[in-house]
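Open the model in your viewer and keep the sequence panel in sight. Each stop below says what to select and what is there.

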Amino acid sequence: MCQRVAPLLRPEGAPPASESRDPSRVVLCGRSINRNVAWMWCLTLAMGLADSIWANTVLVKFLNSLLGNNAYVGYIEAASGTANLLVALPVGWCADKLGKARVARYGGLIIPIALAITAFAVAYGTDHPPSDARDATWMLALFMVAMCMWGIVNAVANGPAQVTRLCRLRHPIG
């Protein structure tokens, strides 16, 4: 998606394009932008698409058919937003005190945990659909834990991870 492009015309006496190109810049949609900005746009696009496809359609339909109640789906989605809300300010404070890159790295360690819990919940729910209220409550709790983990991941990805990439930019676009 992002590729480095050499200038088409080289002024007389100028060094070859491979020597004169700024390695911190890429050409995206015809404009020269900072490489970190391009990576953050790609990350934001990927996160937005994944969230729209998975959390807003597939997961909602799966949970509604599994638990049989739209209210449960709302509780599970609310758990993710609440976790994001509760964790965002402490994550920002830690990023200021410990360093943005360190917090982003530690936050990245949560992704495999959240993925494992979500995969387990989906696999278990598919193999053992809840037969009574007790089973439905257990499945609700399991999915709420998984979505809380994804809320924490989003708090880190939308804060310190983006700032780590974008800080120290002199001219992000232009």
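**Stop 1: the whole chain**

Read along the sequence, the elements run α-β-β-α-α-α-α-α-α. That makes 7 helices and 2 strands in the protein. Keep in mind that this is a predicted model. Colour by burial next: of the 174 residues, 27% count as buried.

**Stop 2: helix α2**

Select residues 35-67, which are helix α2. The helix has 33 residues. From its first C-alpha to its last, α2 reaches 45 Å, close to the 48 Å expected at 1.5 Å a residue. Where does α2 bend? Go to Leu59, where the bend is about 35°. Leu59 is also one of the buried residues of α2.

Now show the other buried side chains. Toward the start of the list are Asn36, Val37, Ala38, Met40 and Cys42. Ala55, Phe62, Leu63, Leu66 and Leu67 are buried in α2 too.

Switch to the surface and select Leu45, Leu49, Ile53, Trp54 and Val58. These residues make a nonpolar surface patch of about 450 Å². Click on Leu45, a residue of α2. Is Leu45 buried or partly exposed? Leu45 counts as partly exposed, because its relative accessibility is 43%, and the buried class stops at under 20%.

Move on to Asn64, also in helix α2. Its relative accessibility is 29%, so Asn64 counts as partly exposed. Draw a distance from its C-alpha to that of Gly74: the viewer should give 9.8 Å. Along the chain the two residues are 10 apart.

Finish this stop at Gly68, which follows α2. Its phi is positive, near 75°.

**Stop 3: helix α3**

Select residues 70-98 for helix α3. There are 29 residues here, and the helix reaches 41 Å from first C-alpha to last. The expected value at 1.5 Å a residue is 42 Å, which is close.

Zoom in on Val87. A kink of about 35° lies there, shortly before the proline Pro90. Which residues of α3 are buried? Show Val73, Ile76, Ala79, Ser80, Ala83, Val91 and Ala95.

**Stop 4: the aromatic rings**

The structure holds 4 aromatic pairs. Take one of them: Phe120 and Tyr124 have ring centres 5.7 Å apart and planes at 25°, so the pair is stacked. The cut-off for stacking is under 30 degrees.

Both residues lie in helix α5, residues 110-127. They are 4 residues apart, about one turn of the helix. An α-helix has 3.6 residues a turn, so residues three or four places apart point the same way.

Check how open the two side chains are. Phe120 is partly exposed at 44% relative accessibility. Tyr124 is partly exposed as well, with a relative accessible area of 29%. Add Trp138 to the selection: Phe120, Tyr124 and Trp138 form one aromatic cluster.

**Stop 5: helix α6**

Select residues 133-157, helix α6, and pick out Met149 within the helix. Why does Met149 count as buried? Its relative accessibility is 18%, and the class covers values under 20%.

Last, draw a C-alpha distance from Met149 to Ile110. The two atoms are separated by 7.2 Å. Along the chain, Met149 and Ile110 are 39 residues apart.

How values were computed:
Residues numbered from 1 in each chain as written. Predicted model: local features only at pLDDT ≥ 70, side-chain atom pairs only at ≥ 80, totals over all residues. Heavy atoms only, no water. Phe/Tyr/Trp six-rings, centres within 6.5 Å; stacked < 30°, edge-to-face > 60°. Buried < 20%, exposed > 50% of the residue type's maximum accessible area, 1.4 Å probe, protein only. Patch = residues over 30% accessible without salt bridge, like charges linked within 9 Å, V, L, I, M, F, W, Y side chains within 5 Å. Areas by Shrake-Rupley, 256 points an atom, 1.4 Å probe, with all protein chains shown as cover. Salt bridge = Lys/Arg side-chain N within 4 Å of Asp/Glu carboxyl O. Expected span 1.5 Å × (residues − 1). Bend = angle between axes of the 7 residues up to and from the residue.
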